Every structure is written in structure tokens, then in C-alpha cells.
Amino acid sequence: MEAKEFNLLEEPWIRVITPELEQKEVSLIEALVYSHTYKELSGEMPTQDAAILRVLLAIVGTIFYRYTVDGEKEELSQENNSDIVDVLERWRDYWDKQSFPEEIIRKYLKDCQERFWLFHPDTPFWQVNNLQYGTEYGVECLLGDIKESNNKATRHHFSMRDGEELKYLDYAEAARWLIHLNAYAVNIKVDKKAPGPGLPVGIGKMGQLGFIMVNGENLFQILMLNLCPLKNGESLWRLPKPVWEKEACKEQGCKIVSPDNLPELYTIQSRRIMLKRNNGHVTGFRAIGGDFYPVEEEFNEQMTLWREIVIDKKTGEKKYIPQLHNPEIYAWRELPTMFQENKKYVPGIIQWLNVLKKEYKDILKSVTFRTIGMVYGDKMNYTYGDCVNDTVSMSAEMLSQLDGIWIRVISEEVGKCQSVAAKAIDHFSSKICKLFYGNGNLKGAIKSKLARNYYFSINKGFREWLISIIPSESKIEEKREEWRKQSLLFAKKVVEDYISTLDITICYYREVDKKLLTVSQILNEYYIELHCIYK
């Protein structure tokens, strides 16, 4: 990397959507200075947008903690005796302006511009210069939207790209995938010759999260709403230390202490990477493991769901780890995880929004959460698989219900929907399988099909019901009854539609365990179980 090439502050590389719904590439400075004029990020895939969003948040968070909206340097810190009120007042000043202060953005990034060259003789962006160790990869391994088969003997890639597109990338796209690679990288082998501890680092940091964010009307609002300048809505962070303000580390597999500030946390280098170039294109890269820290009980992370696990069956000791997203589960089914009874395990982003709503009631009328995740293509996380991308919307008043009755009501109704699939449909599938096939071998397939159909049937209705709830106006029993009638109707219809496809003349009845099974009997038992769920 003897010559500098492609300055990310000036060259267009970040993809955004304009108000006219056109896709456009802009520079890093443009993305921030004119963020109020763009609807949102629009890269090759949602996980890429999530990774780039964290980079933008690291910049905005650093500037926010150091400068007032008028450009005066005034750090928010414990050393300066700053408090929660100071943070909220500054946040409101920034919000009311509805755009980021251009002069501050340009000055700060210009001061750091040597760290924002994609290729640089000393400090290439997000990379280690002259990396001598690690594994060599072709450019196709940089692309997160390429799926790789797991059969090593016949390994090949699945993609809409072909030919030359899999041999090189232009610098703009390579920069986007470079950030994605660091965030969601698959497992990587340890290079025993490389300097450093050489510990296995696992997949990229963001690949270990059940990532959750909140949408806004434009990119400026998205950044401000996801800023989380208060740790879990309660306290100030330590001073910002983004990666471009620190000396680049070249050691492999380093276990670090969890960052005490978001810019540092959002720019953690999960991989040591060096891109390769030839005639204005990226042709491949080299990589080894980078920094990592355990994700268990790591509540500095503000943008993930949490779930409880038992780590010692003898003592019953439990811990919380990130709740990874499942592509088969709609976002609204994760509401009980988002709004847990113990406030400590509610995602930091939700706790932050709760503070905002209480302090500034005019900020939000409704809120839309977005869940994004990478599901890896094999059990060992050596290949990319499906991408999760879903949203769920509700009245912003619901944010003040973290420990209120409406959250309990909604969680209870989600639980009942899960009972329909996990219990009622499960029992129906088992009995209908025995009646028609004399065994339970096909039960799993029948249950899976019926459960998917049930959730698909109620998906639109549940979302509409949820957004219709206004805690200060809606009546609990009326709204509860309104939803239960819908769910019960669809639960019955899904099974009745399935029965209508069967040729019941084949099997009027069958004796199983000295008891007669018939279609009408199984259906009646299913109805009874549904009415036990929805008393």
C-alpha cells in the first residue's frame, strides 16, 4: 500500500435512498451532513446497512459527546460534572436542528482524514497494512450476499453474480463489504505463526447479536434515535475512543475488556484484514482473527435482544446472552424478549427511547423497531446463510409501559399464539398422522406446515392489532377479546383447510392403543384445546 487511494471522506461509497426513492452513492461526509435529506441506508443487504450504521453512529456519538450543536467544544463527562440532564438537553438541541452541524462534521473528519483512506502506506481504513499472516481469500469471500455450499469436495458459490464480478470489485463496493466482513465474518482458523495470543475469536461481533434498531423518517432521525448517549438510559458513557483515534493493533486473537464507550464498541476490529488491489479494483484479501470479548451479560451492548440460559444445572446458575434472530420467527413474536419484566434485560435502545418519550412527549407518536441478523450456513459458522430483516410497529406510548400492564397483555397474547402452534397444532399433527399413516413419522412435517400457515395467517392481523393499541385510550378487555377472536378463527381455519385436502375415504377410523381415532374426534379435541388456550 505504497500509494494512497480512495478517500472515504470524499469519494462516494455509502449507498442511500433519496426522498424520490432513488439509490445514490455518497461520501462519508455527505452521508452525515445531508443525512436529513436521505431516507435510509440502502446497501447490498440489511446486515451491510446495520454494520455501516454502527460506523456512522460511532462518528456522531464522538462528536455529540465533545461538541454542542453550535460547535463549541464542551465534553460531556463525569470529569466535567455532566449529568443526565446535560445529555438530554444537548440531544434535544441536536434534534431540534433536524440536521447535523456541517462545520463540526467536516472539521472533525478532516482532522482524522489520514485514517479514512481505503489504501494507505501506514493506516489503511479498517485494515492492517502489510499484513504478513493469516489466510488468503478471493474477492468472492468478501461478499456477504454469496452463499457457499458446505461440501468441501464440491464447494461452490451461489450468487446472482458471475464471471468477472466474482474476480474483482470497485473500491466503493469493497469498502462497504470490508465493514460488513469485520462485523459478520465467519469463523476463521488461527495462524500459529502470527504474533499475539492467537485465541479463537469466533464470528464477527455483530454476528453474535440479536441486533435491534429503531427506524426514523430519515437517516438523521435514525442516527439520533439510535444514538443511545445514556448507558441503558441511566448513566453517562466514558469518553469516546473510536478505532481511528487509536493505534492500529496487528496482533492476532486478542481478548479485550469490554469498551466503556459506544464509539469504541461500535468500531471493534473483529478481524485483522488487508485488501489486495490491482488496476483500481480489489481482487482479494488476507485476514486473521482480531479483538473479541465475551458476550455473556455484556450490557454495554445497546442494540441486541437478551435471553436467559442455565450455565450450571446443579446450582441453577443463569446468565443472559444475546438472543439471535430466527428467519422463521416474525419480529412481533420477539416482543416478550424485547420487553422483559426485569428492566435490566430490556435492550438498551428501548430503555433509551423510554427516557426520551418520558422527557419529550412530542418526539414520537409511533415507533418501528427493526431486527436484522445473519444466520450462518452451517453449525460451525464457516459459511454465510440467511439474512433476517423484519420490523414491528407500535404506539410510542408503549415505551412507557416497560413495567406496565399493556406489555404483559401483549406478551401473554404472543404466548398464546405460540401455545396454539406448540401444543394444539402439535397434538393434532400427532393424532392425524397416526390415523392416516399408522405411525408418527410424518408428524414433524405436518406440524411444521400447519404452524407456518397459522403464523402467516395471523401475521398481518397481529401487526394491525398491535399498532392500534393506544395505552391511554384503549380498553384492555376489549382489545384482548378483539385479538383472540382473530387468532381463534385462523387457528381453526388452518386445520380445517388442511383436512379438506385429505381423502378421508381412505381411512374412516383406526384403532390406536385400543382406542378408535377418527377425523371428527381429532378435530373436536383440537377445538377443545383451542378453547382451553382462549378461555
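This is a short tour of three helices, one exposed residue and the nonpolar cores.

Before you click, note that this is a predicted model, where local features need pLDDT of at least 70, side-chain atom pairs count only at pLDDT 80 or more, and totals for chains, interfaces and linings use all residues. Residues are numbered from 1 along each chain as its sequence is written, and side-chain values use heavy atoms, with hydrogens and water left out.

**Stop 1: α11 and α12**

Select residues 443-467, helix α11, and residues 476-500, helix α12. Helices here are DSSP runs (H or I, at least four residues), numbered from the N terminus. The axes of this pair come within 9 Å and cross at roughly 150°; axes are lines fitted to C-alpha atoms over the stretch in contact, and angles run from 0 to 180 degrees between N-to-C directions. So α11 and α12 are roughly antiparallel (over 145 degrees; under 35 would be roughly parallel).

Now show side chains. Among the α11 residues that meet α12 are Tyr454, Phe462 and Trp465, and the α12 side includes Trp483, Phe490 and Tyr498 (contact means heavy atoms within 4.5 Å). The contact divides into 11 nonpolar, 5 polar and 2 charged residues. Asp, Glu, Lys and Arg count as charged, Ala, Val, Leu, Ile, Met, Phe, Trp, Tyr, Cys and Pro as nonpolar, and the others as polar.

**Stop 2: Ala445**

Stay in helix α11 and pick Ala445. Is Ala445 buried or exposed? With 55% relative accessibility, Ala445 counts as exposed (over 50%; buried is under 20%, and partly exposed lies in between, using a 1.4 Å probe and protein chains only). Try a distance to Ile146: the C-alpha atoms are 29 Å apart, and the two residues are 299 residues apart along the chain.

**Stop 3: α10 against α12**

Add helix α10, residues 405-437. α10 and α12 pack at about 20° with axes 11 Å apart, so these two are roughly parallel. Look for Trp406, Glu413 and Phe428 among the α10 residues in the contact, and Arg480 and Arg484 among those of α12. This contact has 13 nonpolar, 1 polar and 6 charged residues.

**Stop 4: the cores**

Which residues touch the most other members of the largest nonpolar core? Select Trp91, Leu353 and Phe369, out of 166 residues. A nonpolar core is a set of buried Ala, Val, Leu, Ile, Met, Phe, Trp, Tyr and Cys residues joined through side-chain atoms within 4.5 Å. Helix α10 supplies the largest share of this core, 15 residues. Apart from it lies another core of 5 residues, including Leu131 and Met274.

Definitions and conventions. Angles under 35 degrees count as roughly parallel, over 145 as roughly antiparallel, 65 to 115 as roughly perpendicular and the rest as oblique.
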